[in-house]
Amino acid sequence: ANFDLTSAHRPGSFKPCGSGVEFRANLVQPQRKTMSKQHTYRATVEWTGNLGSGTSSYTAYSRDYTVRIDGKPDLLGSSDPAFRGDEHRHNPEDMLLAAVSACHKLWYLHLCSAAGITVTAYTDPAEAVMDEGGRTQPGRFVKATLRPQVTITQAQHVEQAKALHHEAHRLCFIANSLNFEVACECEITVA
């Protein structure tokens, strides 16, 4: 089953593929009367690419960096190889896609657990498209597509398992923070 889910920053639609039925919703959140709980995250990004002459020219330095978060393993990063980066290191574009995919997955697993749906496997070969822009317009992501392949144990819950992807998207902190479309094309298997 395919689901088109649109980021909460855009009025959009949720349309189960082949259903011919489209639901539109105004996704503007009402003003909260009380302060919600806030979480603070910290990371240190250190450029490690000074090859001796700093940024004296475009080709004189490496794009490598290290992301440090207290109590966690370091992440070795670089720019995308298209921008002179190291293809063996994580780039910001990879990490943005991984963040939205992982956030969706975590909400989805929570919702399935709460609904009594047993998930035994979850893989998402997600993909995102970035437009480099041009002289007058900066580059930006234009779309991400999540393609969760989910295995559940109960055949009677297949339709509910599909529908919970919509709710997971609605609740995903990362998707709610993006300004581009996030689509979801899920596949549910019973085993």
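**Exercise 1. Determine how the side chains of Asp-74 and Arg-68 interact in this predicted model, and how exposed the two residues are.**

Solution. Start with the pair itself: Asp-74 and Arg-68 form a salt bridge, with N and O 3.5 Å apart. The criterion is a side-chain nitrogen of Lys or Arg within 4 Å of a carboxyl oxygen of Asp or Glu, and the distance of 3.5 Å fits it. In general, side chains of opposite charge can pair when their charged atoms come close.

Next, consider exposure. A residue is partly exposed when its relative accessible area lies between the buried limit of 20% and the exposed limit of 50%. Asp-74 has 42% and is therefore partly exposed. Arg-68, with 33%, is also partly exposed.

Finally, look for further partners. A network of salt bridges links Glu-46, Arg-68 and Asp-74. The search of the whole structure finds eight salt bridges.

**Exercise 2. Locate the salt bridge between Arg-89 and Asp-64 in the chain, and decide whether its residues are buried or exposed.**

Solution. The closest N and O atoms of Arg-89 and Asp-64 are 3.5 Å apart. This pair connects distant parts of the chain, its residues being 25 positions apart. Arg-89 belongs to the loop between β6 (75–77) and α1, while Asp-64 belongs to the loop between β4 (44–47) and β5 (65–68). As for exposure, both Arg-89 and Asp-64 are buried.

**Exercise 3. Describe the salt bridge of Lys-162 and Glu-159 and the helix that holds it.**

Solution. The closest N and O atoms of this pair lie 3.2 Å apart. Lys-162 and Glu-159 are both in helix α2 (residues 158–171), three residues apart, or about one turn of the helix. An α-helix has 3.6 residues a turn, so residues three or four places apart point the same way.

The two partners fall into separate exposure classes. Lys-162 has a relative accessible area of 16% and is therefore buried. Glu-159, at 55%, counts as exposed.

Helix α2 has 14 residues, and its first and last C-alpha atoms are 21 Å apart, close to the expected 20 Å. Its buried residues include Val-158, Ala-161, Leu-164 and His-165.

**Exercise 4. Check the length of helix α1 and describe its two ends.**

Solution. Helix α1 covers residues 92–115, a total of 24 residues. The expected span is 1.5 Å times one less than the number of residues, so α1 should span 34 Å; the 35 Å between its end C-alpha atoms agrees.

At the N-terminal end, Asn-91 acts as a cap: a side-chain oxygen of Asn-91 is 3.0 Å from the backbone nitrogen of Glu-93. After the helix comes Gly-116, which has a positive phi near 80°. Within α1, the buried residues include Leu-97, Val-100, Cys-103 and His-104.

**Exercise 5. State what sets the backbone of Arg-84 apart, and where Arg-84 lies.**

Solution. Most residues other than glycine have a negative phi. Arg-84 is not a glycine, yet its phi is positive, about 70°. Arg-84 lies in the loop between β6 and α1. Its relative accessibility is 43%, so Arg-84 counts as partly exposed.

**Exercise 6. Summarise the chain as a whole.**

Solution. The chain contains two helices and 12 strands. Of its 191 residues, 31% are buried. Among contacts with a separation of 6 or more, 56% join residues 24 or more positions apart. The accessible surface is about 12300 Å², and carbon and sulfur atoms account for 52% of that surface.

How values were computed
Residues numbered from 1 in each chain as written. Heavy atoms only, no water. Helix = DSSP H or I, 4+ residues; strand = E, 2+ residues; numbered from the N terminus. Buried < 20%, exposed > 50% of the residue type's maximum accessible area, 1.4 Å probe, protein only. Polar contact = N/O pair within 3.5 Å; in protein donor to acceptor, adjacent residues only side chain to side chain. Contact = heavy atoms within 4.5 Å. Areas by Shrake-Rupley, 256 points an atom, 1.4 Å probe, with all protein chains shown as cover.
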